[in-house]
Amino acid sequence: MEQRRIVLGVTGGIAAYKTPELVRTLRRGGAAVRCAMTPAAGEFVAPLVLQTVSGEPVRTGLFDRVEEGAIDHVALADWADLLIVAPATANTLAKLAHGLADDVVSTVALATQAPLLVAPAMNVNMWRHPATQSNLATLRQRGVRVVGPETGALACGWEGEGRMAEPAAIAAAAALVGGPRPLAGEVVLVTAGGTREPVDAVRFLGNRSSGKMGFAVAGEAARRGAEVVLVAGPSALPTPAGVRRLDVETAQEMREAVLGELPRATIAVMAAAVADFRAARPEIRKIRKEDLPSEETLTLELVRNPDILAEICRHERRPVVVGFAAESQDLVETARRKLARKGCDLLVANDIAREGSGFDSDTNAVVFVWPGGEVEELPSLPKTEVAALLLDRVAKLRGGDG
Ligand code: PMT
C-alpha cells in the first residue's frame, strides 16, 4: 500500500462505524487516505473522527464552499489511485451501477478514473433482492471489485449475508487492486483441508489437514490476478481476499464441487487431504456401545472414495493439474510413482514425518516432481512462499512468467 492514494467513500449504513479502523489500517499499510461521506453516513460516524484518523480534510457535501475551496470534488477524483466505497449501501450500489451523481461519493465515483472497490453492507433481504444483485452484476462486469459481504447476525436483527467485510479484509482486497497481475485471465481451482467421512450422527473419519497449504495457494493466486475458486474441507481459516470459497465436507461433495467448477478452470491445484475410504453404511443415529454385538471391538466396513485428482487428469478438457503427495518415507520415489499413476503435470511431495512440514504447520518442506522424472528440492519455507514458488512453476507451464 506504500504510496497509494486512496479515497474512501463512506455511505449511510451502520457499518460506517468501522470506517475509522479501516482508515487506520490503510494508513498503517503506507497509503494516504482522504474521505468523502454522504449525508446519511454522517448519522453513523462523525466527519471529525474521519478527519482526525486520516489527517486530511473530509468532504461531506457537494456544495459546501469551504470544502470545495480546500479540495474540489473533481480534484479529489483525480487525486485517487483507488476509490473504496465502504460501507456500500444498496442505494449507493444502485447509483454507481446507473451512473447517478447526487452526492459527493457517487459524484467522485463517476468522475474518477481510478479502479473502484466496494464493500457492500445491508439487510439480508436487500442484499438478495434481484435489483441489488443485478446492480452488482453490472458493476462486476465493469471491472468493479467487490469484497464481502459476510454472513452472520445483522444489526437489523436478521441473520444472513449483509455484514460489511472486516477492515483488514477490505485493506487486503485493496492491496490486490492495481498491482501487477501476472495470472490475470487464469481461473485457478484449489482444493484445501481434509475431508470428513461420517460414521454415525456424531463421529467421522478425518485427518489433520488444517487447510493452510491450499489456502496459501488460493490467496497467492488471487494476489496475482487470477479468478480463484477454493473448494475447502472444514477449516476455521478465513477466506483469502478475492477468493470464492465453496465449503464441503466429504470426498464425494468435494468431487461434485470440483467437477462443477472444472469446465472454467485453467489451473487446478489439489492440496486437499482427501479420505481414500468412507464408511460403507454410515449410521444416521449415534452408534451406542450397548447395541453392539461385542463391547470390545467394532468392525467398520469401508469403501473406496473417488480419486478426484486422477479423475480430473483423465478429463477431456483438463486444465494444468498440480497434485500434492503427503509421504512419510521414500519421498521422491513414492511421489514419482504417484505422479505417473495419477497423470498430473506437477506433483508437490511433502515429507509429513519431518518437523515443521506437512499437516497443520505454517512451514512446509517440499519437493517438486516433474513428469520427466526431474526433481526440485526446496528448503523448509513458509507455506505462503511454497505457494508463490509453486505458482511461478505453474505459470511457466501455462506459458507465462508468474
Ligand atoms: O492443510 P495443511 O495442514 O496445510 O497440510 C497440507 C497437506 C499436508 C495436507 C498438503 O500439503 C498435502 O500434502 N495434501 C495432499 C495430502 C494427501 O492426501 O495426499 P495423498 O498422497 O493421499 O493424495 C495425493 C493427491 O491426490 C492429492 O493431491 C490429493 O488431493 C489427491 N486425492 C487423494 C485421494 C482422493 N480420493 N482424491 C484425491 O484427489
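In which strand is the place of Ala 36? In this predicted model, Ala 36 belongs to strand S2, which spans residues 32-37.

**Figure 1. Overview of the two domains of the predicted model.** The chain is divided into domain 1, covering residues 5-176, and domain 2, covering residues 187-397. Taken over C-alpha atoms, the centres of domain 1 and domain 2 are separated by 37 Å.

**Figure 2. Close-up of Ala 36 in strand S2.** Ala 36 has a relative accessible area of 1% and is therefore classed as buried, the cut-off being under 20%. When its neighbours within four places in sequence are left aside, Ala 36 is in contact with Leu 8, Gly 9, Val 10, Arg 59, Leu 76, Val 104 and Val 105. Val 23 is 13 residues from Ala 36 along the chain, and the C-alpha atoms of these two residues are separated by 12 Å.

**Figure 3. Close-up of helix H5 (residues 90-98) and the elements against which its buried residues pack.** The buried residues of helix H5 are Ala 90, Thr 92, Leu 93, Lys 95, Leu 96 and Ala 97. The packing partners of these buried residues are two strands, S3 (82-88) and S4 (116-120), together with the helices H6 (104-111), H7 (124-128) and H8 (130-141). Helix H5 is followed by Gly 99, which has a positive phi, near 75 degrees.

**Figure 4. Close-up of the largest nonpolar core, a set of 35 residues.** Within this core, Val 217, Val 228, Leu 230, Phe 368 and Leu 390 touch the most other members. Elements that give two or more residues to the core include strand S8 (187-192), strand S11 (227-232), strand S13 (267-270) and helix H14 (383-397), while the largest share, seven residues, comes from helix H10. Not counting residues up to four places away in sequence, Val 217 touches Val 190, Val 269, Ala 387, Leu 390 and Leu 391. Apart from this core lies another one, of 30 residues, among them Cys 35, Leu 50, Val 58 and Met 164.

**Figure 5. Close-up of the ligand and the residues around it.** Of the 28 residues around the ligand, those that come nearest are Ser 209, Ser 210, Lys 338, Asn 350 and Asp 360. A backbone N or O atom of Met 270 lies 2.7 Å from an oxygen atom of the ligand, and a backbone N or O atom of Ala 271 lies 3.0 Å from a ligand nitrogen atom. From the side chain of Lys 342, a polar atom lies 3.0 Å from an oxygen atom of the ligand. The ligand taken alone exposes 770 Å², of which the protein buries 96%.

Notes: Residues numbered from 1 in each chain as written. Predicted model: local features only at pLDDT ≥ 70, side-chain atom pairs only at ≥ 80, totals over all residues. Heavy atoms only, no water. Domains from an automatic or database assignment. Buried < 20%, exposed > 50% of the residue type's maximum accessible area, 1.4 Å probe, protein only. Helix = DSSP H or I, 4+ residues; strand = E, 2+ residues; numbered from the N terminus. Contact = heavy atoms within 4.5 Å. Core = buried A, V, L, I, M, F, W, Y, C linked by side-chain atoms within 4.5 Å. Near = heavy atom within 4 Å. Polar contact = N/O pair within 3.5 Å; in protein donor to acceptor, adjacent residues only side chain to side chain. Areas by Shrake-Rupley, 256 points an atom, 1.4 Å probe, with all protein chains shown as cover.
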